[in-house]
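Ready for a short tour of some charged pairs? Open your viewer, and we will go from one stop to the next.

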Amino acid sequence: MDWFGLLYNGTALLGQGAAHLIFMSRLTGKRVKLRHFTVYELALCLVDALSVRLGLDEAPPIAAGVLALYAVSRFWLGNQGPISWLGAVLAFYVSQLSFGLLNSVEVAVFPRLVGSPLLYGVLAVALVAYFALCALCYRGIRKLLAWTEDSPTPQVGLLLFPGLFFFAAELYILRTAYSSIPAVLPPGEAVRQAALLALQAMGLGALLCTLYAYRQLCRGVAAQGELRAVTQAAQAQKIYLAEARLRYERTRAFRHDVKNHLSVLDGLLAAGRAEEGRAYLKKLKAASEGLSLPCQTGSPVVDILLGEKLGLAEDIPWEVSLTLPSPCGVDEFDLCVIFANALDNALAACRQAPGDRFLRVSGRRQGAFYLLIFENACADAALPPEGTGLPNIRAVAEKYRGAVLAEREGSRFTLSVLLDIS
């Protein structure tokens, strides 16, 4: 039995370590290499050997294992601290929970097989069932948590506290209820084990419900962000429509009066009053220029938007080198979101820049993609935290299978937005 027990415990320990790292890898999206498995497995074996030699109970080696898994995730895989702690706690919680659930069954079965060759087969089946139960629990947790590094769930560290609570409760149950398996089941033991089995299953259900509620909360936060973006874009659209109506009314009034203006000009020239005619023509030219937009990009909506935003530039020199393709492939509503937020941020940064100020907007086609570039002066200091503008731009870029890159070099800030226009 000694050789079988050594093989059984070694397989369980190595399989448990592999399950921990695979769960952490799938949870965070980081690839685990062979050296990670080797070091972590050696750490678990060392902790297990020391705990046996020193006669420690289960708590210290489990705590050491959690720290080892956290260290691998945090410093080798490069994951953030909160998700590393949460992943390590959940990994060991599932291991102990699966062990406790199977123990409730083993207590009722094993005493009847003591001394029987069937005991070895039952133990092997129990080990396979243990890993299968761990894999099932890990899969459920990963689906409910749905954490990604590019779009991390907000305040994921708050889940650490309920995770620790469920973990501590499970360790207490294991320590008090499964310290030893009696050779003969006392009266009422089967009922007690069934109650413990139900209690642990309820603990797992409570954890999964907590993760589900958290996921729904994250979706609500994301929906609120999208609603703010839509509201902001809708407000911008109202402003641009009002500007378009105003320009239309001015143009209609000018066209209505242009015949009179031409008659006056014709009368001045016919009377030989050339100087007065030139002065009148100059005024007429100024009036007509006031009806035109400062930029022609190929999109009337973007032209109006640029006219309004650049009209607020005051003493900030600006330059626009942009011709949008026709058809563009990007909805004008989404273009408003990009340009309105990018220009608002650029103007705000220029006003805080101590030196020369500038604002440049350019664009060029790259195959099936179109690249928008916004460059502006900024203060040579740490960038402020993101507000709603940049996330709104990023959401539009993701909608069109693109990307956003924001970078600062000294007193120059560059925002690049890549959009799929195919």
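Start by selecting glutamate 319 and arginine 360: their side chains meet in a salt bridge, with N to O at 3.9 Å. Now colour the strands. Glutamate 319 sits in strand E1 (residues 318-321) and arginine 360 in strand E2 (residues 359-366), so this pair ties together parts that lie 41 residues apart in sequence. Turn on the surface as well: glutamate 319 is partly exposed at 45% relative accessibility, and arginine 360 is partly exposed too, at 30%.

Keep in mind that you are looking at a predicted model. It holds five salt bridges, and we will visit two more of them.

Next, select aspartate 334 and lysine 399. Their side chains form a salt bridge at 2.9 Å, N to O. Here the link runs between helices: aspartate 334 belongs to helix H10 (residues 332-352) and lysine 399 to helix H11 (residues 389-399), 65 residues apart. Which partner is buried, and which is exposed? Aspartate 334 is buried, because its relative accessible area is 6%, under the 20% cut-off. Lysine 399 counts as exposed, at 53%.

For the last stop, select aspartate 420 and arginine 401, a salt bridge whose closest N and O atoms are 3.1 Å apart. Aspartate 420 is in strand E5 (residues 412-420), while arginine 401 is in the loop between H11 and strand E4 (403-409), and the two are 19 residues apart. Check the surface once more: aspartate 420 is buried at 9% relative accessibility, whereas arginine 401 is exposed at 56%.

How values were computed:
Residues numbered from 1 in each chain as written. Predicted model: local features only at pLDDT ≥ 70, side-chain atom pairs only at ≥ 80, totals over all residues. Heavy atoms only, no water. Salt bridge = Lys/Arg side-chain N within 4 Å of Asp/Glu carboxyl O. Helix = DSSP H or I, 4+ residues; strand = E, 2+ residues; numbered from the N terminus. Buried < 20%, exposed > 50% of the residue type's maximum accessible area, 1.4 Å probe, protein only.
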